[in-house]
Amino acid sequence: MKSLSKFLPALLIVLASCGNTQQGIQQEVQTYLDDYNKKYRELYTASSEGQWKVNTHIVAGDTVNAYESRIADEAMANFTGSKENIEKARKYLEHEKDLTALQVKQLKKILYLAAGNPESASETVKELIRAGTAQTENLYGYKFSIDGKEVTPNDIDSMLADVRDTTMRRKAWEASKAVGAELKPGLMNLRDLRNKVVEGLGYPDYFTYQVSDYGMSTDEMMSLLDRFNKELYPLYRELHTYMRYELSKKYGVKNVPEFLPAHWLSNRWGQDWSEMVTVEGLNLDSALQLKDAEWVARQGEKFYVSLGFPELPKSFWEKSSLYPVPKDAGYKKNTHASAWHMDLENDVRSLMSIVPNAEWYETVHHEYGHIYYYISYSNPEVPYLLREGANRAYHEALGSMMGLAAMQQPFAAGLGLVDSTTKMDEMKHLLKDALNYVVFIPWSAGTMSHFEYELYAKRLPSDQWNKRWWEIVRQYQGIVPPVERGEDYCDAATKIHINDDPAQYYDYALSFILLFQVHDHIARNILKQDPHATNYFGNQEVGKFIADIMRPGSSADWRKLLKEKTGEDLSARAMLDYFSPLMDWLKKENAGRTYTLPEMK
């Protein structure tokens, strides 16, 4: 055998050269990413400030906020969609094998963001931004009225929760839908613009573009949603039958309708029926009515602090918009609760209209879940680009889980909101939870996701929108409007998310599946408590478990993170287990009743 010694110097030079090449490309990419992240944060902050003003201070005829917001959004779009950034990200991804996983993730995120507003479609992007801002103002600036008297969305919700007269309920429901006709032209324009923009980077439609953020195809996502609908359908069918008969009794109607009239339900879209059931021993409203709105707001913070999270920054209390706008204030605001990460650092805010009742009590705990998620991943290990949930559903899952935990009897009893010695009707409590969480799946994974899929991917003609909307509502939710709703209405557009958070409502469906998985793990493996009766308050081991999920943001792979933390892939198993005791009870209650939803084939 010949000696290789004379070849070693040359071989070492080649190996060193390869190492230097890899190190060199990593350094070059990192310099680019550092610069990108810095500029991204600067523009993101300006855009957030503009949107905050548009959502919190709406004055009829005043276009200053809208103009300033549009300018900030256009600057953000020009940067993220620039030809230079697209070309650089693509060039660097040609060396993917030589880069770190974190660098690759950021480069792919840059291309994803670019697809939302590519420079190649700059005029269309500008038009889209203008159209989006105008739609937001039309939506939140709309004056609702009943019999010629102006009412707020909260007034409408209160009527649908409390009024038994079905004529007045119908008036309230129809008032809530009146805005849809005014929003339809804007939505037609937005649908076409959104599809046109993403086509520039190769996406066939806007729905497919949004789904791609999960690392999934549209077919994979729709298949997953259909699986969850199918798994929960038998329980939903029992709930639907139960509510048809119980609400008929409540409203004094002898002939039980085949499908649920939309105006019979407390929620304007039929996405949550839980207000229709009162649980003895867990009536938080009566206790909360003795509190004020600030107590509710502050109590949410105390919960998270008890788990080991920090107090909310002083700026949160100074800059948030937490309470309803007085009727004589001279301006309006978005009444939909939301959490905001203004600068991707410490400026966190919430937009709510808190009043002291159980719904807002739960909402506060939910929205603060988002706030503490922001705080947790705002750390040096997570680049600004990846300061978001592991996927979009994670944000909603953890917020909703905290809302669920705050509504359980041991937790509420610890705060003195209910008497711990009072015997609670546990089955009614489970029913109330099911009328929230289970009922939500056909709405989110069914109605909303399938309508928006058809809207964007199938380009549903605008003269079929209302007809198709109610066909889908009936198919998945078993709900019908009180009267025929023709194409002069646009009832889908009355849902906020259709207008300004489009083609991603499945986030909420996946989040509900996810929250039960995480809650089930916490209850059984950390608290050693019944998942139906937990008390997270003060348990810092629970807080650490949650913080460990939050801290990486989207720098971690969402599938691996879930498997690592819970031992399972995404599954409805925990949700089905949680509500399994309810099935036998419902079947007994429904004995002798007519089922109008077909059996699962």
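# Buried spots, enclosed spaces and salt bridges

Thr208 counts as buried, because its relative accessibility is 18%, and buried means under 20%. This is a predicted model. Thr208 sits in helix H9, which covers residues 206-211. Which residues does Thr208 contact, leaving aside its neighbours within four places in sequence? They are Tyr203 and Thr218.

## The second largest pocket

Now to the open spaces. The second largest pocket has a volume of about 310 Å³. Its lining is made of 15 residues. Closest to the centre of this pocket are Asn229, Tyr233, Gln475, Tyr476 and Met600.

Which helices each supply at least two residues of this lining? They are H10 (218-250) and H18 (465-477). Helix H10 gives the most, with six residues. Sorted by class, the lining of the second largest pocket holds nine nonpolar residues, four charged ones and two polar ones.

## Cavities

How many cavities of 30 Å³ or more does a search of the whole structure find? The search finds three.

Take the largest cavity. Its volume is about 80 Å³. It has 13 lining residues, and those nearest its centre are Lys177, Arg268, Trp269, Trp469 and Trp470. Helix H7 (166-177) and helix H18 each give two or more residues to this lining. H18 gives the most, with four residues. Helix H18 therefore turns up twice: it supplies at least two residues to the lining of the second largest pocket, and it gives the most to the lining of the largest cavity. By class, the largest cavity is lined by seven nonpolar, three polar and three charged residues.

The second largest cavity comes next. It holds about 40 Å³ of space. Its lining consists of Tyr394, Leu514, Val518, Ile549, Leu561, Leu562, Lys565 and Thr566. Two helices, H20 (506-527) and H22 (558-566), give two or more residues each. Which helix provides the largest share of this lining? It is H22, with four residues. Six residues of the lining are nonpolar, one is polar and one is charged.

## Salt bridges

The whole structure contains 45 salt bridges. Three of them are set out here.

| Salt bridge | N to O distance | Residues apart |
|---|---|---|
| Asp147 and Lys171 | 3.1 Å | 24 residues |
| Asp155 and Lys327 | 3.8 Å | 172 residues |
| Arg593 and Glu246 | 2.8 Å | 347 residues |

Start with the side chains of Asp147 and Lys171, which meet in a salt bridge. The pair links distant parts of the chain. Asp147 is in the loop between strand E1 (144-146) and strand E2 (149-151), while Lys171 is in helix H7. Is Asp147 buried or exposed? Asp147 is exposed, because its relative accessible area is 61% and exposed means over 50%. Lys171 has a relative accessible area of 31%, so it is partly exposed.

Next, the side chains of Asp155 and Lys327 meet. This pair also links distant parts of the chain. Asp155 belongs to helix H6 (residues 153-162). Lys327 lies in the loop between helix H13 (314-319) and strand E4 (338-341). With a relative accessibility of 26%, Asp155 counts as partly exposed. Lys327 is exposed, because its relative accessible area is 74%.

The third bridge joins the side chains of Arg593 and Glu246. Here too, distant parts of the chain are linked. Arg593 is in the segment after helix H23 (573-589), and Glu246 is in helix H10. Helix H10 also appeared above, as the element that gives the most to the lining of the second largest pocket. Is Arg593 buried or exposed? Arg593 counts as buried, because its relative accessibility is 17%, and the cut-off for buried is under 20%. Glu246 is partly exposed, because its relative accessible area is 21%.

Salt bridges can also join up. Which residues are linked in a network of salt bridges? They are Lys109, Asp213, Glu388, Arg392 and Asp507.

Technical notes:
Residues numbered from 1 in each chain as written. Predicted model: local features only at pLDDT ≥ 70, side-chain atom pairs only at ≥ 80, totals over all residues. Heavy atoms only, no water. 1 Å grid on protein atoms, 1.4 Å probe; cavity = no way out; pocket = protein on both sides within 12 Å on 5 of 7 lines; lining within 4 Å. Points joined across faces, edges and corners; volume = space filled by probe spheres on them. Nonpolar A, V, L, I, M, F, W, Y, C, P; charged D, E, K, R; others polar. Buried < 20%, exposed > 50% of the residue type's maximum accessible area, 1.4 Å probe, protein only. Contact = heavy atoms within 4.5 Å. Salt bridge = Lys/Arg side-chain N within 4 Å of Asp/Glu carboxyl O.
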